[in-house]
Every structure is written in structure tokens, then in C-alpha cells.
Amino acid sequence: QVQLVESGGGLVQAGGSLRLSCAASGPTFGTDGMGWFRQAPGKEREFVAHIYWNSGRTQYTDSAKDRFTISRDNARNTVYLQMNNLKPEDTGVYYCAAGRYSTGPADYKFWGQGTQVTVSS
């Protein structure tokens with residue numbers, strides 16, 4: 001079973017940056033990569049970005065495409081989400097998840113505990 005541990009969340013002013021990390025351990029059978037999702041209070045969990053284990057190819061939601069960068073360090077089994085020019089609407093709990101690429105959370109088998117990101121205006 002894959003275990004995922006996120007870190008790097010916090011409070012930042014609008015326009016600022018944060019880098020989230022997700023350390024993975026355990027076998028990743030049945031998954032093709034790692035995704036990041038976020039959930040704002042009272043809203044559904046939404047897709048942010050995905051990176052494939054082998055090719056490193058990435059996918060982003062439109063709102064993240066020009067501001068966020070997902071990357072991986074295979075030697076450390078860690079995936080990162082660099083977030084720049086943060087906006088108040090980026091506020092939420094950010095989750096990393098291992099699974100098969102999809103914009104829906106149901107296709108991701110393993111989830112981290114989440115890390116809070118708060119962007120003040």
C-alpha cells in the first residue's frame with residue numbers, strides 16, 4: 001500500500017509562492033502517476049495537476065497552468081507542486097494522490113492527509 005505524506009502548506013499573501021511536497025513510500029502498482037487536488041470549504045475536491053511516473057509528462061487544470069508547476073524526484077520518491085502568484089481563490093486543503101490520471105478523484109487509489117494552504121488578500 002502506498003503511503004503519502006504532504007508538507008509545505010501555510011499562510012501566504014496574495015502574489016506569494018509556496019512549494020508543496022509529497023513523499024511516497026510503498027509499491028505504486030496500478031498507478032501511473034501522482035496528482036494534486038484541492039478542496040475549499042464547502043466545495044468539492046478539484047483536480048489541480050498530475051505527473052506521470054515514467055515520462056514526467058504533466059497535466060494541469062486551466063487555473064493552474066500558468067502559475068503552478070508539478071515535478072518529481074524519483075530518487076527521493078517525492079512529487080512537488082510549486083505554486084506562484086497565489087490568489088485567495090487558491091485557498092484550501094491540498095491533497096496528493098497516487099492513481100491513474102483523471103480530473104476526478106475516484107481514479108486515485110491512495111491519498112495523503114492533506115496540507116492547508118491559505119492565501120490572504
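## Overall make-up

The protein chain holds zero helices and eleven strands, where helices (H or I, at least four residues) and strands (E, at least two) are DSSP runs numbered from the N terminus. Read along the sequence, the pattern is β-β-β-β-β-β-β-β-β-β-β. This is a predicted model, in which local features need pLDDT of at least 70 and side-chain atom pairs count only at pLDDT 80 or more, while totals for chains, interfaces and linings use all residues. Residues are numbered from 1 along each chain as its sequence is written, and side-chain values use heavy atoms, with hydrogens and water left out.

## Size and surface

Taken along the principal axes, the C-alpha atoms of the protein chain fill a box of roughly 40 × 30 × 25 Å. The radius of gyration is 13 Å, which agrees with the value near 14 Å for a compact globule of 121 residues; the radius is taken over C-alpha atoms, and the globule rule is 2.2 Å times the number of residues to the power 0.38.

The accessible surface of the protein chain is about 6200 Å², and carbon and sulfur atoms make up 45% of that area. Accessible areas come from the Shrake-Rupley method with a 1.4 Å probe, and for residues only the protein chains shown count as cover. Of the 121 residues, 45% count as buried, meaning under 20% relative accessible area (exposed is over 50%, partly exposed in between; 1.4 Å probe, protein chains only). Among contacts (heavy atoms within 4.5 Å) with a separation of 6 or more, 54% link residues 24 or more positions apart.

## The four-stranded sheet

One open sheet has four strands in the order β1-β3-β8-β7, with antiparallel pairing; two strands pair if DSSP finds at least two bridges between them. β1 (3-7) and β7 stand at the edges with a single partner strand each, so one side of each has no neighbour in the sheet. Ignoring direction, neighbouring strands of this sheet are turned by 15° against each other on average, with axes being lines fitted to C-alpha atoms (for helices over the stretch in contact) and angles running from 0 to 180 degrees between N-to-C directions.

The antiparallel strands β7 and β8 are joined by six bridges, and Thr69 stands opposite Gln82 in β8.

## Strand β9 and its partners

Seven of the eight residues of β9 are buried, so this strand is largely enclosed by the rest of the structure. β9 runs antiparallel to β4, with seven bridges between them, and Gly33 stands opposite Gly99 in β9. β9 also pairs in the antiparallel sense with β11, over three bridges; Gly92 has Val117 in β11 as its bridge partner. Three bridges likewise join β9 to strand β10 (residues 108-111), again in the antiparallel sense, and Ala97 stands opposite Trp111 in β10.

## The nonpolar core

A nonpolar core is a set of buried Ala, Val, Leu, Ile, Met, Phe, Trp, Tyr and Cys residues joined through side-chain atoms within 4.5 Å. The largest one has 27 residues, of which Leu4, Met34, Trp36, Leu81, Met83 and Tyr94 touch the most other members. Its largest share, four residues, comes from β3. Leaving aside neighbours within four places in sequence, Leu4 is in contact with residues including Cys22, Met34, Cys96, Phe110 and Trp111.

Leu18 lies in strand β3 and is buried, with a relative accessible area of 15%. Not counting residues up to four places away in sequence, Leu18 touches Leu81, Met83, Leu86 and Val117, among others. The C-alpha atoms of Leu18 and Leu81 are separated by 8.2 Å, although these residues are 63 apart along the chain.
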